[in-house]
Amino acid sequence: MEELIVAKAKELFFSFGIKSVSMDDISRNGAISKKTIYKCFEDKNQLVQHLVGELLLCCKAGLNQSNAQARNAIEEVSLASQATLHAVSTITPAFFYDLKKFFPGKNCLSALASIASRPTILLLLGVLTFGHLHAQQATTLTLKDALKYALDASQNARKAKLDVENSQYKIDEVKARALPQLSGSGGLTYNPILQQSALPGDFFGQPGKTVLVAFGQKWNANASASLSQTIFDNSVFTGLKAAKTTAEFYRLNAQLTDEQIIEQVATSYYQVLVQRQKVGVVDSTIRNTVHTQNILQSLYENGLAKKIDVDRIAVNISNLRSNRQQLLNGVTLLENQLKFYIGMPIVKVINLPEVEFATIQPQAVQQGDTLDISGRTEVAVLQTQEALLRYQKQATKSEYLPSLSLSSAYSFQGLSNSFPIFKGQQSGVNWFPVASVGLNLKVPIFNGFATRARLRQADVEIRKLQEDMAQTKLSLSLAYENARTQINNSIITLNSQQENVQLARQVYANTQNNYNNGLATLTDLLDAENSLTQAQNNYSAALLDFKVSEIQLIKAQGTLSTLLN
């Protein structure tokens, strides 16, 4: 019995892949009870591993035979390549795709999946390469895991955190204006030609003449230090008040960025799940069609069916498999998009756990529900920005007020006709100190109405921001109403599509039964099959619409962070 189970499982797995074949399918197609199957194998994983073990033994036998028959290394490579191709040529690529995707933790499965994608090379390396083949394990990502990963790794999230860090440095810069400012300087000047001044000759006993006299020394050295302290400057005090608001502004911006990332990642995550469900729908259709093909082939061999019908259903299966491959490509593209959104390396393999859509219980939003916009992060950001603009206006208004500061300076100067450094009075160098202390009062009187113009500009900026805030509140209300309407419409569509799927299944089953009894044409059967596939795809699309609408509703309610719980 175990051999029969393995043979039937091999037929189905190798034809349709692993994920799309259930234990029920093996039981039904092999006319074996599920109780009997589970007596031989604990679960589907054990059955898959048994099949893979057999396939590996087959591959190994082919390699050993190639080694025994080959006369040299080149011939061994050629024979091994042929043996490998023969072993995997009858297996659908979906089998190996499912191995890599859904069974990453099992070494033999990972090895076989990689072998199948590069059979002429990796099988020749055999055991030596197995460690490399399963070195990269798939990362299992739940929605919660994906969101947390994105908030840590996304470049946008990191930049927002850097802005928060940078805001503290800006605050420190503002605070520095209120602290003492100390500076030092030094200089050395050489005057090869001294400036001369004209003096009356009377000073020198030469009446009526003008005498040119040089004042100063050829060398002048000095070192000085200065200290200043703001005593009163309203613009500085206003900047200190705005420091805390500045930090809050960047914190809210980072929070808004996180919410945008959560929305983007959650939407992309559900897109991957629904695309995978579409693959499952096509797999189910392929199984049903192949079953019909087997019946039709049997009828044709007994002269009860036409060759054209056999060919048509073969074309239909080929089209379905082509469609399946396109959907698989779509899964890869969407997974790459998800990895991009969360900041994960694109080459990394991910695995999204299966979601039971039957567990999704859509709930309509009551018409009487209201939205509290005041708690939204978008509004909080604009309110903080308005507070900063008002502080900026106060700083501009401070230009009307006087400012008072304390300044002091101390210097040490040396004069000489020779190089003065490291020389004293005995060498003809005169050193002397200079010190000063002062209060500086600056009183604005008239600047051509420049301050008034800047104040009016600040008023305009505040009014513009208030208009932005009003528009944002209106936009948030619109988003909430649209999300509520969309989610209610999605529920209606879901119910309708669910009924359509059930009806399409009944029509397909009846049509298939009628066709088997000669009461319906192949065209009728194919039409019923296409209608079932379309109904199932429409249901998948309706589920996606519901989940996206649900995310938009959560966003409109300002509770995106609940997805992390």
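**Overall fold and selected local features**

The chain contains 16 helices and 8 strands. The model is predicted. Of its 565 residues, 37% count as buried. Contacts were also sorted by separation along the chain. Among those with a separation of 6 or more, 78% are between residues 24 or more positions apart. The chain exposes about 31900 Å². Carbon and sulfur atoms supply 54% of that area.

One helix, α15, covers residues 450-516 and has 67 residues. From its first C-alpha to its last, α15 reaches 93 Å. This is close to the 99 Å expected at 1.5 Å a residue. Just after α15 comes G518, which takes a positive phi of about 75°.

Strands β3 (residues 196-200) and β4 run antiparallel and are joined by 5 bridges. Within this pair, S197 stands opposite V213 of β4. Strand β4 spans residues 210-214, and its side chains alternate between two faces. V211 and V213 point to one face and are buried. T210, L212 and A214 point to the other face and are not buried. Thus V213, the residue opposite S197, belongs to the buried face of β4.

Salt bridges were then counted, giving 11 in total. Three of them are described here.

K8 and E11 form one salt bridge, with the closest N and O atoms 3.1 Å apart. Both residues lie in helix α1 (residues 2-16). They are separated by about one helical turn, because they are 3 residues apart in that helix. K8 has 16% relative accessibility and so counts as buried, since the cut-off is under 20%. E11 has a relative accessible area of 41%, so this residue is partly exposed. The bridge thus links a buried lysine, K8, to a partly exposed partner, E11.

E386 and R390 form another salt bridge, with their closest N and O atoms 3.0 Å apart. Both residues are in helix α14 (residues 377-397). They are 4 residues apart, about one turn of the helix. E386 counts as buried because its relative accessibility is 15%. R390 is partly exposed, with a relative accessible area of 38%. Here the acidic residue, E386, is the buried partner.

The side chains of R376 and E378 also meet in a salt bridge, at 2.9 Å from N to O. In this pair R376 is buried, and E378 is buried as well.

Technical notes: Residues numbered from 1 in each chain as written. Predicted model: local features only at pLDDT ≥ 70, side-chain atom pairs only at ≥ 80, totals over all residues. Heavy atoms only, no water. Expected span 1.5 Å × (residues − 1). Buried < 20%, exposed > 50% of the residue type's maximum accessible area, 1.4 Å probe, protein only. Pairing = 2+ DSSP bridges. Contact = heavy atoms within 4.5 Å. Areas by Shrake-Rupley, 256 points an atom, 1.4 Å probe, with all protein chains shown as cover. Salt bridge = Lys/Arg side-chain N within 4 Å of Asp/Glu carboxyl O.
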